[in-house]
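Colleague: I'm new to this one, and I'd like to learn how to read it. Could you walk me through it, one feature at a time?

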Amino acid sequence: MNALTQDTSSQNLASYNFAYLDEQTKRMIRRAILKGIAIPGYQVPFASREMPMPYGWGTGGVQVTAAIIGRDDVLKVIDQGADDTTNAVSIRAFFAKTAGVVTTTATPDATIIQTRHRIPETPLTEGQVLVYQVPIPEPLRFLEPRETETRKMHALEEYGLMHVKLYEDIARNGHIATTYAYPVKVEGRYVMDPSPTPKFDNPKMHRSETLQLFGAGREKRIYAIPPHTEVVSLDFEDHPFEIQHFDQPCAMCGAEQVYLDEVVLDDKGGRMFVCSDTHYCESRRADGHCGALLGDEPGLGAEANTRKEAM
Amino acid sequence: MPAATHTPTVYEGGFSDPVGSSQAVFRALMDAMARPGSVQDLPVVTAPPAPLTASASALLATLADADTPVWLDPTLMKTTEVKDWIVFHTGAEITPHQSEAAFALVASPGGLAALNGFSLGTQEFPDRSTTLILQVSSLTDGAALTLEGPGIKGQASLAPDPMPPHFEAQWQANRAAFPRGVDLVFAGPDCVAAMPRSTRLVREGA
């Protein structure tokens, strides 16, 4: 298996460096990462490179991962919580090919987890690094399109506009209607966009055990949250921050207090809710947990498992 | 010929595996920076001319290149070999001005009277600041510093030796300028620790 990978990479990628990027680019990204860690929540400009994938496919996260990954790292990539979607599969394959690293779908086995828009349900640990793919890193961008102005607003800690935006939510809808990319304040200083993760995941960023790195390729920004750092979701005293709640547990594994995806089953309004974190759901089912639609009878459950494996 | 005499020390002693070594050194430094006060093991991958130490030179070779002017303290400036080694192995320009330096390499922290002569960045671009690499003989035997801040669960302790004079006052001034300020990297024997500008010093007994 390993020899095969080596052969393919030497045939097709003989001229590429380990993990695709050249060493000078890695140094530039590494310097930006260190500054980002030193100034939590501040967006460090960096000379983002063109990657062999289009913008919007995680070029920022891929560059951050390429700059930190080593030969002994184990990489997991998720897209909206799932290990088996196109984006996740292709980025895993990219690093398996260019860096020859081991990849996994099991959250606890990974040393680097690159994510698009979710934080895994399994609590992350000290030995892991979480790398986010970020489309628009500037939380104030939709309120103030000029970079010169948003930069000044961050410099002066002038975040009134963001509170006005949340207030307008309340005025129109009676509650804060922002459900993803919910702005946070890092260590009492910088307001930061946690990337389009559901606000359900915001509390997991607060005092996390894990270093969190954010890369925005098109917008050319890198930022970071060190472990054990205050990450507070913006809110009002009379409208405190709340995460989403689901009326029913996961239809496949019966998990509660996790983020669920809605799946339409037919054209008669049938729908089910399943874990967005596929590894979490699979490992719970392997442990014998059973949701409503997986069936209570052992036979039905086994059948569903076989079908999954066949896929 | 002076060039002939220092040829071996200047041109040798760089990374033998530039890709793997710089990645290993960077990950140790990244962990040190993300967890201020923690001491991370550093592989011995460089052999620079004295008084430049293996750990400090490995950190510099990992981070510096033609885009980052490097400032050397008077102890290092005395030795031509050190200057030449850095220029040859990193391609970085040696600058005589602290305020222009992306990295500052300090062999005698005891002689560092002020941190505020270095670039602190601007309020708009606080990342345009100097990162100081201090060569220390130990990270555990000096006067203990108690640290708080991002990356630290509760409190952490670090005891580098030697340290700049009046370090507590210097660091408080640096912390007061946040988000501007310098970041410190302590290069000990085969190990590295860091104090980013976000770290606060806790007074003993306070």
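Modeller: Sure. Let's begin with burial in chain A: of its 311 residues, 55% count as buried. Keep in mind as we go that this is a predicted model.

Colleague: How many helices and strands does chain A have?

Modeller: Chain A has nine helices and twelve strands. You can also ask how far along the sequence its contacts reach. Taking contacts in chain A between residues at least 6 apart in sequence, 61% join residues at least 24 apart.

Colleague: Back to burial, then. How many residues of helix H3 of chain A are buried?

Modeller: The cut-off is what you need here: a residue is buried when its relative accessible area is under 20%. In H3 of chain A, residues 59-68, ten of the ten residues are buried, so the helix is largely enclosed by the rest of the structure. Among them are A:Thr59, A:Gly60, A:Val64 and A:Ile68.

Colleague: Now the two chains together. What should I look at where chain B meets chain A?

Modeller: Start with how much is involved. The contact takes 41 residues from each of chain A and chain B, and the two bury about 3300 Å² between them, 60% of it on carbon and sulfur atoms.

Colleague: And how many salt bridges are found across that interface?

Modeller: Seven salt bridges are found between chain B and chain A. One of the salt bridges you can look up joins the side chains of A:Arg31 and B:Asp65, at 3.3 Å from N to O. There are also 21 residue pairs in polar contact across the interface, with both residues at pLDDT 80 or more.

Colleague: Which elements of chain B give two or more residues to the side that touches chain A?

Modeller: Those are helix H2 (18-34) and helix H3 (54-63) of chain B. H2(B) supplies the largest share of that side, eleven residues. Sorted by class, the side of chain B that touches chain A has 18 nonpolar, twelve polar and eleven charged residues.

Colleague: How do I check the length of a helix like H2(B)?

Modeller: Here's the general idea first: an α-helix has 3.6 residues a turn, so residues three or four places apart point the same way. For length, use 1.5 Å a residue: the 17 residues of H2(B) should span 24 Å, and its end C-alpha atoms are 23 Å apart, which agrees. H2(B) is also mostly covered, with 14 of its 17 residues buried.

Colleague: Let's try a single residue. Is B:Thr95 buried or exposed?

Modeller: B:Thr95 has a relative accessible area of 2%, so it counts as buried. You'll find B:Thr95 in the loop between helix H5 (80-90) and strand E3 (103-106) of chain B. Its side chain makes a polar contact of 3.4 Å with that of B:Glu100. Beyond its neighbours within four places in sequence, B:Thr95 has contacts that include B:Pro69, B:Val70 and B:Trp71.

Colleague: What about the backbone? Where is there a cis peptide bond?

Modeller: Look at B:Ala50 and B:Pro51, which are joined by a cis peptide bond with omega about 0°. B:Pro51 is in the loop between strand E1 (40-41) and H3 of chain B. The bond from B:Phe178 to B:Pro179 is cis too, with omega near 5°.

Colleague: And which phi angles should I check?

Modeller: Try positive values in residues other than glycine. A:His228 has phi near 55°, and at 15% relative accessibility A:His228 counts as buried. B:Asp190 has phi near 60°, while at 45% relative accessibility B:Asp190 counts as partly exposed.

Note on methods:
Residues are numbered from 1 along each chain as its sequence is written. Chains are lettered from A and ligands numbered from 1 in the order in which they are written. This is a predicted model: local features need pLDDT of at least 70, side-chain atom pairs count only at pLDDT 80 or more; totals for chains, interfaces and linings use all residues. Side-chain values use heavy atoms; hydrogens and water are left out. Contact means heavy atoms within 4.5 Å. Buried area is the accessible area (1.4 Å probe) that two parts lose on being put together, summed over both. A salt bridge is a side-chain nitrogen of Lys or Arg within 4 Å of a carboxyl oxygen of Asp or Glu. A polar contact is a pair of N or O atoms within 3.5 Å; within protein, one must be able to donate a hydrogen and the other to accept it, and residues adjacent in sequence count only if both atoms are side-chain atoms. Helices (H or I, at least four residues) and strands (E, at least two) are DSSP runs, numbered from the N terminus. Ala, Val, Leu, Ile, Met, Phe, Trp, Tyr, Cys and Pro count as nonpolar, Asp, Glu, Lys and Arg as charged, and the others, Gly among them, as polar. The expected span of a helix is 1.5 Å times one less than its number of residues. Buried means under 20% relative accessible area, exposed over 50%, partly exposed in between (1.4 Å probe, protein chains only).
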